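Work through the following exercises with the sequence and the model open side by side. Each task is followed by a solution that goes step by step.

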Amino acid sequence: MSIRAENLVWRVGRKTIVDNVSLRVEQGSVLGLLGPNGSGKSSLLRLLSGLRRPASGRVTLDDADIAHMGRRHLARRVALVQQHAATDVNVTVEEVVRLGRTPHRGPLAAWTPADTLAVETALQQVDMVEFRRERWQSLSGGERQRVHIARALAQQPHELFLDEPTNHLDIQHQLELMRLIARLGLTSIVALHDLNHAAMFCDRLLVLDRGRVVADGTPAEVLTPELLSGVFKVECDFHRPDQETLHILFRK
């Protein structure tokens with residue numbers, strides 16, 4: 001077992017944002033987080049990555065409670081790509097990606113060949129090598145998103161959490177990114193809006209509604225007309241060309 005959350009609760013004032021959520025993610029698998037806006041997906045990712053402390057419940061990595069892990073140790077293991085990450089500093093693409101090596105380096109440590117290889121590999125994985133000298137402020141929203149993912153990959157994490165990673169990307173790069181996540185072999189949790197991407201690339205799905213888990217299982221088990229109508233308020237049909245493939249067709 002890689003990641004386990006037990007009865008997580010998180011509140012803002014009197015409002016409960018994450019309400020008694022439990023989950024398990026097997027090592028090397030991809031879990032898709034689904035739910036309408038405001039369902040608690042982003043908050044849950046921040047709890048799982050240790051950026052927020054739950055009001056109750058706990059998160060463990062291989063049975064070790066992250067609340068007892070040092071920040072540097074946790075950052076070496078877990079990478080989070082947030083939905084609205086930004087900077088006002090006009091740094092280069094390569095400088096942003098190099099930040100992913102920070103958890104692996106002491107304050108006075110020299111840059112190593114291993115650091116260079118990690119940065120180069122990450123740039124290649126997101127197809128941003130030719131942009132390495134470009135300034136951050138000159139990039140499009142999709143290009144910035146790919147750079148943030150490269151920074152996370154440069155951490156060489158065991159667990160990768162992504163909050164709406166396909167936002168701002170064109171169709172080509174949406175599919176390339178989801179294929180990359182699927183083939184990395186990392187234990188990954190991905191918050192998504194695109195239900196067809198979830199069906200195509202995720203091993204399991206967890207559906208949240210108003211902070212609570214309403215479904216947990218394989219895409220075929222979770223993505224049903226009843227769930228999509230009840231949670232997402234949409235009517236749809238399903239096309240299954242084979243046992244492994246599910247296409248969702250939305251009605252007008």
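Helices and strands are DSSP runs numbered from the N terminus, a helix being H or I over at least four residues and a strand E over at least two. The model is a predicted one.

**Exercise 1.** Determine whether the length of α5 agrees with its number of residues, how far α5 is enclosed, and what follows it.

Solution. Begin with the length: at 1.5 Å a residue, the 14 residues of α5 should span 20 Å, and because the end C-alpha atoms are 20 Å apart, the two values agree. Next, consider burial, for which the cut-off is under 20% relative accessible area. By this criterion 12 of the 14 residues of α5 are buried, so the helix is largely enclosed by the rest of the structure; among them are G142, E143, R146, H148 and R151. Then ask what provides the cover: it includes β6 (78-81), α3 (93-98), α4, β7 and α6. Finally, look just past the helix, where Q156 takes a positive phi of about 55°.

**Exercise 2.** Describe how the buried and exposed residues of α6 are placed around its axis.

Solution. First list the buried residues of α6, which are H173, Q174, L177, M178, L180 and I181. They cover an arc of only 155° around the axis, which means that they lie on the same side of α6. On the other side of α6, by contrast, I171 and R183 are exposed. The partners of the buried residues come next: they pack against β3 (30-34), α4 (113-125), α5 (141-154), β7 (159-163), β8 (187-191) and α7 (195-201). The helix is followed by G185, whose phi is positive, near 80°.

**Exercise 3.** Work out the strand order of the 6-stranded open sheet, and place α5 relative to it.

Solution. Reading across the sheet, the order is β6-β7-β8-β3-β9-β10, and the pairing is mixed. The edge strands are β6 and β10 (212-217), each of which pairs on one side only, and the twist averages 15° from one strand to the next. Within the sheet, β3 and β8 run parallel and are joined by 4 bridges, with V30 standing opposite S188 in β8. Helix α5 packs on this sheet, touching β6 and β7, and its direction makes about 175° with that of β6.

**Exercise 4.** Carry out the corresponding analysis for the open sheet of 4 strands.

Solution. Here the order is β2-β1-β4-β5, with antiparallel pairing, and the edges are formed by β2 (15-25) and β5 (64-65), each pairing on one side only. Strand β4 (residues 56-61) pairs with β5 over 2 bridges in the antiparallel sense, and L61 stands opposite A64 in β5. Helix α1 (residues 41-48) packs on the sheet, touching β1 (3-12), β2 and β4, at about 60° between its direction and that of β2.

**Exercise 5.** Identify the residues with the most contacts inside the largest nonpolar core, and then examine the surroundings of R132.

Solution. The largest nonpolar core has 48 residues, and those with the most contacts inside it are L34, V97 and L223. The element that gives the most to this core is α5, with 6 residues. Leaving aside residues up to four places away in sequence, L223 touches L34, L195, F238, R240 and I248, among others. A second, separate core of 27 residues includes I3, V18, A191 and L208. Turning to R132, this residue lies in the loop between α4 and α5 and is buried, with a relative accessible area of 17%. Its contacts, on the same sequence criterion, are T92, V93, E94, E120 and L123.

Methods. Residues are numbered from 1 along each chain as its sequence is written. This is a predicted model: local features need pLDDT of at least 70, side-chain atom pairs count only at pLDDT 80 or more; totals for chains, interfaces and linings use all residues. Side-chain values use heavy atoms; hydrogens and water are left out. Buried means under 20% relative accessible area, exposed over 50%, partly exposed in between (1.4 Å probe, protein chains only). The arc is that of the directions from the helix axis to the C-beta atoms. Contact means heavy atoms within 4.5 Å. Two strands pair if DSSP finds at least two bridges between them. Axes are lines fitted to C-alpha atoms, for helices over the stretch in contact, and angles run from 0 to 180 degrees between N-to-C directions. A nonpolar core is a set of buried Ala, Val, Leu, Ile, Met, Phe, Trp, Tyr and Cys residues joined through side-chain atoms within 4.5 Å. The expected span of a helix is 1.5 Å times one less than its number of residues.
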